[in-house]
Amino acid sequence: MTLARPLIAGNWKMNGVEASLDEARTLAALVDERPPAARVALCPPATLIARMADLLAGSGILVGGQDCSREAGGAFTGDVSADMLIDAGARLVILGHSERREHRGETDAVVAAKVARAVAAGLEPIVCVGESLKARQAGRAIAVVDGQVRASLPDVLAGHPFAVAYEPLWAIGSGQIPELGEIEAVHGAVRETLAAMFGPDGEGAPILYGGSVNGDNAQPILKAREIGGALVGGASLKAAQFARIIRAI
Ligand code: PGA
C-alpha cells in the first residue's frame, strides 16, 4: 500500500468572477516560489473552470469542479456533466458536499451515482462526509460518517484515485473545529472502512479534513494522524491565506 501524496483543495463555493482569477495567478506564483509537499487544487464555480485551467496550465495547481450531474448528458437544464468538467480542464470534482446534501437534497445514493459518473469520465472525486452537531452531541459522529462512507462510495471506485473529505457540518464556516483527537478518531474509523471496502487503494487514499481551516490553525491539523490534507472554503479565496495552509504541511 502506498499512501497518496496529501491534497490541499480550495473550494470557492459560489464565489468568484473573472477578476478573482488574479488570486489564482498569485497562488501560482507563490507555489512556484516554494514547491509544496502537497498536491494543490482550486475548485472555482463552473463558469471559471476553463479560464482557470488555462491560466494554471503548467503551474502544478490542479483545477476541480464543485459538483457534477449523475447523468451523462441530455435534457437536464442547468446541470453540468462530468465529461464537461473534463473538457473544461478540471481533473478533480468535489461531490456530496454538505451544502448540496442539505440544500439540494442529495442522498448518499445520489452522491454514489455522481461518483461513479465522475470516475467513468476520468475525474478524481473528493467525496465529502460529516456529521451534524446533533449527531456529534449524541455520540453518533463516527456511526454517521461511517454510514456515509459506505453508502456514498460505489464499488467502481476501486483502482481509481479518490479522496474522502471529513467535514463536520458544524465546523463549516463557523470558526469552530473539533479537538484534534476527535478528528483523528473519525479519520481512523474512515481509514478502516476504506481499507475494508477497497483494500490497498482504500489504505492509501487521502482523507482530508475540512471545516474552518485557516492559516493559523492548519499546522496542527495537517500534522495529525491519518490527515491527508484539507478541503478549505473561505480561506482559499485569498492566495496569501491559502498559501499559508499549503505551506503548513
Ligand atoms: P470553510 O468551508 O473552510 O469555509 O469552513 C469548508 C468547506 O465547506 O469545504
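Me: What does Ala151 touch, not counting residues up to four places away in sequence?

Reply: Beyond the residues up to four places away, Ala151 touches Asp108, Ala109 and Ala112, where contact means heavy atoms within 4.5 Å. The model is a predicted one, in which local features need pLDDT of at least 70 and side-chain atom pairs count only at pLDDT 80 or more, while totals for chains, interfaces and linings use all residues. Residues are numbered from 1 along each chain as its sequence is written, and side-chain values use heavy atoms, with hydrogens and water left out.

Me: Where does Ala151 lie, and why is Ala151 called partly exposed?

Reply: Ala151 lies in helix H7 (residues 141-152). Helices (H or I, at least four residues) and strands (E, at least two) are DSSP runs, numbered from the N terminus. A residue is buried under 20% relative accessible area, exposed over 50% and partly exposed in between (1.4 Å probe, protein chains only). Ala151 has 35% relative accessibility, and therefore counts as partly exposed. The C-alpha atoms of Ala151 and Val111 are 8.5 Å apart in space, although the two residues are 40 apart in sequence.

Me: Why is Val63 called buried?

Reply: Val63 has 4% relative accessibility, so it counts as buried. Val63 lies in strand E3. Leaving aside neighbours within four places in sequence, its contacts include Leu42, Pro44, Ile49, Met52 and Ala53. Val40 is 23 residues from Val63 along the chain, and their C-alpha atoms are separated by 8.7 Å.

Me: What makes a set of residues a nonpolar core, and how many residues has the largest one?

Reply: A nonpolar core is a set of buried Ala, Val, Leu, Ile, Met, Phe, Trp, Tyr and Cys residues joined through side-chain atoms within 4.5 Å. The largest such core has 64 residues, and those with the most contacts inside it are Leu27, Leu42, Leu153, Leu194, Phe242 and Ile245. Helix H1 (residues 21-33) gives the largest share of this core, 6 residues. A second, separate core of 12 residues includes Ala41, Leu92, Ala165 and Leu231. In soluble globular proteins, nonpolar side chains tend to be buried together.

Me: Which residues of H1 are buried, and what covers them?

Reply: In H1, the buried residues are Leu21, Ala24, Leu27, Ala28, Leu30 and Val31. Their cover includes strand E2 (39-43), H2, strand E3 (61-65) and helix H11 (239-246).

Me: How do you know that the length of H8 agrees with the expected span?

Reply: The expected span of a helix is 1.5 Å times one less than its number of residues. Helix H8 (residues 180-198) has 19 residues and should therefore span 27 Å; its end C-alpha atoms are 26 Å apart, which agrees. The buried residues of H8 pack against helix H6 (133-137), H7, strand E6 (163-166), helix H9 (200-204) and strand E7 (207-210). Just after H8, Gly199 takes a positive phi of about 60 degrees.

Me: What is the phi of Lys13, and why does Lys13 count as partly exposed?

Reply: Lys13 has a positive phi of about 50 degrees although it is not a glycine. Most residues other than glycine have a negative phi. Lys13 is placed in the loop between strand E1 (7-11) and H1. Lys13 counts as partly exposed because its relative accessibility is 21%.

Me: Why does Glu226 count as partly exposed, and where is Glu226 found?

Reply: Glu226 has 32% relative accessibility and so counts as partly exposed. Glu226 is found in the loop between helix H10 (218-223) and strand E8 (229-232). Glu226 has a positive phi of about 65 degrees, although it is not a glycine.

Me: What makes an empty space a cavity or a pocket?

Reply: On a 1 Å grid over the protein atoms alone, a cavity is a set of points where a 1.4 Å probe fits but cannot get out, whereas a pocket is an open set with protein on both sides within 12 Å along at least five of seven lines; lining residues have an atom within 4 Å of a point. Grid points are joined across faces, edges and corners, and a volume is the space filled by probe spheres set on the points. The largest pocket has a volume of about 810 Å³. Of the 30 residues that line this pocket, Gln66, Asp67, Arg100, Arg104 and Glu106 lie nearest its centre. The largest cavity has a volume of about 50 Å³.
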